[in-house]
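Reader: I should be grateful for a close look at a single helix and the loops on either side of it. Please treat burial, backbone geometry and aromatic contacts in one connected account.

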Amino acid sequence: MEGVSVRKIKKICVFCGANSGKDVAFVNAAFHLGEVLGKRKIDLVYGGGKLGLMGCVSTAVAQHERQVLGIIPSAFTINNLVGETCGKEIKVATMQERLVMMMELSDAFIALPGGFGTLEELFQMISWAQLNIHNKPIGVLNINGFFNGLLSFVDHAVKQEFITPRARKILISATTADELVDKLQAFRFESDPALSKLKWSPLSSQKEKLDLTLRL
C-alpha cells in the first residue's frame, strides 16, 4: 500500500454467526481471519462464547497469543447457553449496551457470515458511522459470495437515492482476510457536511472505567 496513509488498528471487533453455516469454507475463513489478526498483532473484540464462527475466530486469535475480549449479555450466560468465552469476558445487561461497548473498545469492524444478529450489528455500525457517531472502518469478508446479495441491495439503494454515494463508501468488502484488513487500514472516513455538525453525548458512561481496567 505504498503512498497510502495507514491507520493504526490495535483491536478489531468481529461480528459473525453462532452457527458454523452450511459451507465448510465459512469455518476455514473464520479460523484464517483469526490467524491473520494474530500474526498482525491485532486483538479481538467479539460477542463471547465459543459457538459457531464466533468460537472459530476467537480460538484462532487466542492461539496466536493475542488478547480476546468477549462482550456478552448476562442472559446468554445462564445455563452456559453459548459456552465459555475464549479470553476475558464482560457481562452486560442488554444487547444495545453490548454493541455500544463493542464500538467504543474497537478500532475497526469485520462481519463474517451470520444471521439476523450479525446483520443488525453490521448495519448499526454503518448507521452510526453515517451519523458521525464514530469514524471507524467497517468491512465484510465476502466468503464464497455470501454477501453478494447484500452488497447488490446496498448498491440498489444507492441507485434509488436512499443511500448517498458518500455513505456507500462506509461499507468495505473483500474476499480474503489480508485484503480486508489492508482496506480497513487504508480507509479514510468522509463525513457528510450536514451530519458532521451533529453533537453526540458519550454513549457509555462506563468507557473511562473500562479503559482503565482492561488496558486492551
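Author: In this predicted model, helix H6 is formed by residues 148-159. H6 has twelve residues, and the distance from its first C-alpha to its last is 17 Å, close to the 16 Å expected at 1.5 Å a residue.

The burial pattern of H6 divides by side. Leu150, Leu151, Val154, Ala157 and Val158 are buried. Because these residues cover an arc of only 115° around the axis, they lie on the same side of H6. Gly149, Phe153 and Lys159, on the other side of H6, are exposed. The cover over the buried residues of H6 includes two helices, H5 (116-130) and H7 (165-168), together with strands E6 (138-141) and E7 (171-174).

The loops on either side of H6 deserve equal attention. Most residues other than glycine have a negative phi. Asn144, which is not a glycine, has a positive phi of about 50°. Asn144 belongs to the loop between E6 and H6, and its relative accessible area of 59% is over 50%, so Asn144 counts as exposed. A second case follows just after H6, where Glu161 takes a positive phi of about 65°. Glu161 is located in the loop between H6 and H7; with a relative accessible area of 72%, Glu161 is exposed as well.

The aromatic contacts complete the account. A search of the whole structure yields four aromatic pairs. In one of them, the ring centres of Phe15 and Phe109 are 6.0 Å apart and the planes stand at 10°, so this pair is stacked. Phe15 in strand E1 (residues 11-15) and Phe109 in strand E5 (residues 108-111) are 94 residues apart, and their pair thus links distant parts of the chain. Phe15 is buried at a relative accessible area of 1%, and Phe109 is buried at 0%.

Phe146 and Phe147 form another aromatic pair, edge-to-face, with 4.9 Å from centre to centre and 85° between the planes. Their exposure can be set side by side: Phe146 is partly exposed at 36% relative accessibility, whereas Phe147 is buried with a relative accessible area of 1%. Ring pairs also bring in Phe26, which is linked with Phe146 and Phe147 into a cluster.

To return to the helix itself, H6 has buried residues on one side, among them Leu150 and Val154, and exposed residues on the other, including Phe153.

Definitions and conventions. Residues numbered from 1 in each chain as written. Predicted model: local features only at pLDDT ≥ 70, side-chain atom pairs only at ≥ 80, totals over all residues. Heavy atoms only, no water. Helix = DSSP H or I, 4+ residues; strand = E, 2+ residues; numbered from the N terminus. Expected span 1.5 Å × (residues − 1). Buried < 20%, exposed > 50% of the residue type's maximum accessible area, 1.4 Å probe, protein only. Arc of directions from axis to C-beta. Contact = heavy atoms within 4.5 Å. Phe/Tyr/Trp six-rings, centres within 6.5 Å; stacked < 30°, edge-to-face > 60°.
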